[in-house]
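Q: Please take a close look at a single part of this structure, and explain it to a reader who is new to it. Begin with the chain as a whole, go through the chosen part slowly, and then return to its surroundings.

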Amino acid sequence: MRGAHAALLGTTKRKDAKVEVTYAGHPLYLYAGDAKRGDTKGEGLNQFGAKWYVLSPSGKKIDHD
């Protein structure tokens, strides 16, 4: 099977009351250092209390550690 699974997409309400998109319960973010499609400059960084990972089109974490 290819691609992310729609059933794993969801939302959560943050402490500031804004709604955030999740995949398999994990929040999704656009890393500020990524300028164009395919950029993954934030992968593996440890910022804001956790490590950042790229989500592949199949919906799996890309981990280069």
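A: Two residues are in contact when they have heavy atoms within 4.5 Å of each other. With that in mind, among the contacts in the chain between residues at least 6 apart in sequence, 13% join residues that are at least 24 apart. The model is a predicted one, and the average pLDDT over the chain is 84, with 94% of the residues scoring at least 70. The chain contains 7 strands and 0 helices, which gives the pattern β-β-β-β-β-β-β when it is read along the sequence. Along its principal axes, the C-alpha trace spans about 35 × 30 × 25 Å, and of the 65 residues in the chain, 18% are buried.

The part chosen for the close look is the sheet that begins with strand S1. This open sheet has 3 strands in the order S1-S2-S3, and their pairing is antiparallel. Strand S1 (9-13) and strand S3 (26-27) are the edge strands, each of them pairing on one side only. Among the elements of the chain, S1 has the highest mean pLDDT, at 94, while S7 has the lowest, at 78.

S1 pairs with strand S2 (residues 19-23) over 5 bridges, in the antiparallel sense. Two places in this pairing can be followed residue by residue: Thr11 stands opposite Val21 in S2, and Thr12 stands opposite Glu20 in S2. The hairpin formed by S1 and S2 has 5 residues between the strands, and in it Ala17 takes a positive phi near 75°. Further along, in the loop between S2 and S3, Ala24 also has a positive phi, near 55°, although this residue is not a glycine. With a relative accessible area of 42%, Ala24 lies between the limits of 20% for buried and 50% for exposed, and therefore counts as partly exposed.

Charged side chains add another layer to the picture of this hairpin. The structure holds 4 salt bridges, and one of them links Asp16 to Arg14, with the closest N and O atoms 2.5 Å apart. Arg14 also forms a salt bridge with Glu20, where the closest N and O atoms are 3.9 Å apart. Glu20, the residue that stands opposite Thr12, is buried, because its relative accessible area is 10%. Through the partners that these salt bridges share, Arg14, Asp16 and Glu20 are joined into one network. The other two members of this network are partly exposed, Arg14 with a relative accessible area of 33% and Asp16 with a relative accessibility of 43%.

Beyond the sheet, a salt bridge also brings together the side chains of Lys41 and Asp39, at 3.5 Å from N to O. Asp39 counts as buried because its relative accessibility is 16%. A further positive phi, of about 60°, belongs to Phe48, which is not a glycine. Phe48 is found in the loop between strand S4 (46-47) and S5, and this residue is exposed because its relative accessible area is 75%.

The edge strand S3 also takes part in a feature that includes residues from later in the chain. The largest pocket holds about 930 Å³ of space and is lined by 30 residues, of which Leu28, Tyr29, Tyr53, Val54 and Leu55 lie nearest its centre. The elements that give two or more residues to this lining are S3, strand S5 (50-51) and strand S6 (54-55).

Tyr53, one of the residues nearest the centre of that pocket, leads on to Asp63. When residues up to four places away in sequence are not counted, Asp63 touches Glu43 and Tyr53. Asp63 lies in the segment after strand S7 (61-62) and is partly exposed, because its relative accessible area is 36%. Asp63 and Leu8 are 55 residues apart along the chain, and their C-alpha atoms are separated by 20 Å.

Definitions and conventions
Residues numbered from 1 in each chain as written. Predicted model: local features only at pLDDT ≥ 70, side-chain atom pairs only at ≥ 80, totals over all residues. Heavy atoms only, no water. Pairing = 2+ DSSP bridges. Helix = DSSP H or I, 4+ residues; strand = E, 2+ residues; numbered from the N terminus. Buried < 20%, exposed > 50% of the residue type's maximum accessible area, 1.4 Å probe, protein only. pLDDT = per-residue confidence, 0-100. 1 Å grid on protein atoms, 1.4 Å probe; cavity = no way out; pocket = protein on both sides within 12 Å on 5 of 7 lines; lining within 4 Å. Points joined across faces, edges and corners; volume = space filled by probe spheres on them.
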